[in-house]
Amino acid sequence: MSTETIEKAPPQPDQTQHREISEREAREVAEAAREKEWTLPSFVREMYLGRLRMDLIDPWPEPKKDDGERGEEFLKKLGAFLETVDGGALDNEPGMPEHVHKGLTELGAFGMKIPQEYGGLGLSQKTYTRALALTGSHSSLISSTLSAHQSIGVPQPLVVFGTEEQKKKYLPRLAQGAISGFALTETDVGSDPARMRCEAVLSEDGTEYVLNGTKLWCTNAPLAELLVVMARTPVKDGKGGGITAFIVEMDWEGVALTHRCSFMGLPGIENGVVEFTNVRIPVENRLLDEGRGLKLALVTLNTGRLSIPVTCAATGKWCLQVVREWATVRKQWGAPIGKHEAVAQMISSIASDTFAMQAVADLGVALADSGKFDIRLEAAMGKLFNSEVGWRVADQAMQVRGGRGYETAESLEARGEAPIGVERMLRSMRINRIFEGSSEIMRLFIAREAVDPHLKKAGAVADPDATFGAKAKDAVGLGVHMTGWIGQNLVGWSRKPSYGKYGKLSGHVAFADRTSHRLARSIAMAMARYGPKLERRQAVLFRIVDIGAELYAMCASVVRATELVKQNPSDQTPVRLADLFCQRARQRIDDLFDDLFSDVDADAYKVAQEVLDGDFTWLEKGIFPPPAPEGIER
Ligand SMILES: Cc1cc2nc3c(=O)[nH]c(=O)nc-3n(C[C@H](O)[C@H](O)[C@H](O)COP(=O)(O)OP(=O)(O)OC[C@H]3O[C@@H](n4cnc5c(N)ncnc54)[C@H](O)[C@@H]3O)c2cc1C
């Protein structure tokens with residue numbers, strides 16, 4: 001599979017045609033796409049309500065159906081296939097060589113998550129993510145292609161939302177190697193879909209849509225046969241409208257790949273700009289109804305996001321091996337560097353953080369495979385936690401390797417040293433905090449759900465645009481709710497839960513239990529303190545989310561360690577790692593509570609606005625300035 005010909009230079013964003021979108025409109029679009037119902041239980045949601053429901057994650061959730069031998073067999077074959085291809089060379093060349101595409105197709109790798117009745121392997125999330133971890137440590141081309149195709153590309157939304165005709169038409173083709181991708185982002189649409197300009201207009205006879213616009217950073221576009229494209233559909237005769245999802249074929253007239261993007265990391269990723277000019281899409285290719293595209297994207301990402309935590313944990317393992325071996329053989333100041341306390345602190349962090357990342361990744365996958373839970377918060381939290389912690393781990397691994405961490409693998413090899421590519425790994429890790437929902441957007445998403453029960457009670461009080469009368473009326477209800485809520489979370493337990501079954505780790509679970517009450521109280525206090533303005537107090541909200549993320553990782557680690565020890569009582573090492581992770585997480589949680597309503601926030605925000613107003617441009621003098629972005633006149 002070679003990359004498509006690049007057809008013309010990327011178009012520049014046309015600022016003149018675009019109407020400014022207000023914050024309220026952006027919020028309304030996001031709110032409309034939000035899933036509002038909770039029909040299945042969620043550990044994280046309960047935790048923010050002050051209820052530590054260990055019973056939801058202990059015993060570790062069992063899969064609805066186990067792949068058993070079939071999964072192991074597939075992973076074995078995949079591993080053997082990877083050994084036949086040179087991952088480094090693959091990542092340095094554009095396109096996917098025919099033999100690699102053929103090999104992956106024959107293995108069924110493009111249909112891992114497609115049900116068997118449609119020609120796929122129908123494997124569980126567990127086997128799928130293990131396959132991504134395996135490929136990710138070998139070639140970013142193979143892992144990014146398989147992941148963009150199956151985590152966010154056409155198969156996932158088609159399986160969940162497609163009609164029977166759509167499934168029969170496309171799923172077998174996708175399973176047989178037709179690569180796909182997901183096209184939401186535009187030059188003006190990153191985290192804010194309200195600004196979307198790609199437009200699909202229904203024809204007069206109602207048989208097709210005509211699509212125009214440009215999509216940016218579409219992973220797999222240079223290799224793809226099919227894309228899920230999000231486009232704005234205008235309201236017609238008072239009906240429809242909103243953002244709608246379509247299956248678009250790359251070889252249709254009017255579809256052009258106009259630029260192939262390259263990045264700081266993921267050297268093998270195939271990613272491009274796609275332009276649509278009067279592309280005719282049959283109505284049969286619309287996924288769900290008009291206006292339901294963002295909902296489709298959000299639901300797709302709920303499970304799609306489970307891949308990133310797994311690949312971050314896999315990178316943590318790689319870092320652990322690198323620092324273990326290097327800190328043993330590298331001697332400075334009369335001792336192996338691992339004996340110096342500063343380095344030892346980093347090594348133990350890498351080990352315990354990797355254990356926690358693995359527990360968080362595995363728990364998200366287990367919850368999804370069981371089919372008994374609503375995983376939207378656990379998936380977002382896993383993505384947030386593992387991408388942030390994974391970055392810390394990668395940075396520490398580079399520090400332990402010293403100058404060799406910063407030197408490229410090629411340069412190391414050329415002068416006779418082992419080609420350990422820490423800098424390359426670090427560059428590829430960084431994107432995890434940005435794509436598939438940046439860390440800030442994940443925190444906003446989680447915070448929205450954490451405060452939701454209070455918002456429901458608050459009604460108009462939390463709506464900045466509601467009339468004062470409506471706010472005053474609802475404020476009475478909110479006051480009653482808050483008093484009850486804080487009281488409820490102060491009183492504590494009618495019967496103190498016992499966590500003795502966790503042995504040495506029981507104190508950490510008791511801490512998590514107490515802290516979930518404290519967290520629920522803090523949310524209520526924040527609502528009472530800031531009212532509708534809480535929405536804008538991101539520093540406070542983000543600390544609330546980060547406390548929750550640490551608690552979630554603590555609980556996942558404790559349950560995982562306890563299970564591992566139960567399986568193999570002679571090996572207590574998982575408890576050592578979970579214990580250290582929990583001790584450090586508790587320190588971080590204490591710091592976050594200390595700073596929860598920090599006085600510094602207001603001043604920090606003010607300084608940022610002064611920076612934007614140009615008050616400190618004197619500080620930028622004396623350097624060669626960076627190029628000005630579009631929209632800035634110097
Ligand atoms: C390698 C790569 C692959 C990608 N693959 C795909 C793909 O296959 N399909 C696709 O559609 N897209 C893809 N993307 C796009 C990716 O999902 C976006 O980069 C991401 O959504 C962020 O958008 P943005 O870069 O425009 O940042 P912006 O939205 O402009 O955000 C810039 C900064 O502001 C922060 N921010 C934005 N809004 C808020 C807010 N309300 N509150 C607080 N902070 C905020 C962000 O977190 C970020 O730090 C890819 C990107 C890359 C780099």
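**Around the ligand**

An oxygen atom of the ligand is 2.6 Å from an N or O atom in the side chain of serine 191. The model is predicted, with local features needing pLDDT of at least 70 and side-chain atom pairs pLDDT 80 or more, while totals for chains, interfaces and linings use all residues. Residues count from 1 along each chain as its sequence is written, and side-chain values use heavy atoms, without hydrogens and water.

**Exercise 1.** Find other close partners of the ligand, then say how much of its area the protein buries.

*Solution.*
- Start with glutamate 440: one of its polar side-chain atoms sits 2.6 Å from an oxygen atom of the ligand.
- Now try phenylalanine 182, where a polar backbone atom is 2.7 Å from a nitrogen atom of the ligand.
- Finish with the area: on its own the ligand exposes 970 Å², and the protein buries 69% of that (Shrake-Rupley method, 1.4 Å probe).

**Exercise 2.** Work out which elements supply two or more residues to the shell around the ligand.

*Solution.*
- Look for strand 1 (180–183), strand 3 (208–219) and helix 17 (439–458); these are DSSP runs, with helices (H or I) of at least four residues and strands (E) of at least two.
- Next, pick out the residues: 21 surround the ligand (a heavy atom within 4 Å), and Phe182, Thr185, Ser191, Ser438 and Glu440 come nearest.

**Exercise 3.** Place the ligand relative to domain 2 and domain 3.

*Solution.*
- Check domain 2 (182–301) and domain 3 (305–437): both give residues to the shell. The bounds come from an automatic or database domain assignment.
- So the ligand lies between these two domains.

Definitions and conventions: A polar contact is a pair of N or O atoms within 3.5 Å; within protein, one must be able to donate a hydrogen and the other to accept it, and residues adjacent in sequence count only if both atoms are side-chain atoms.
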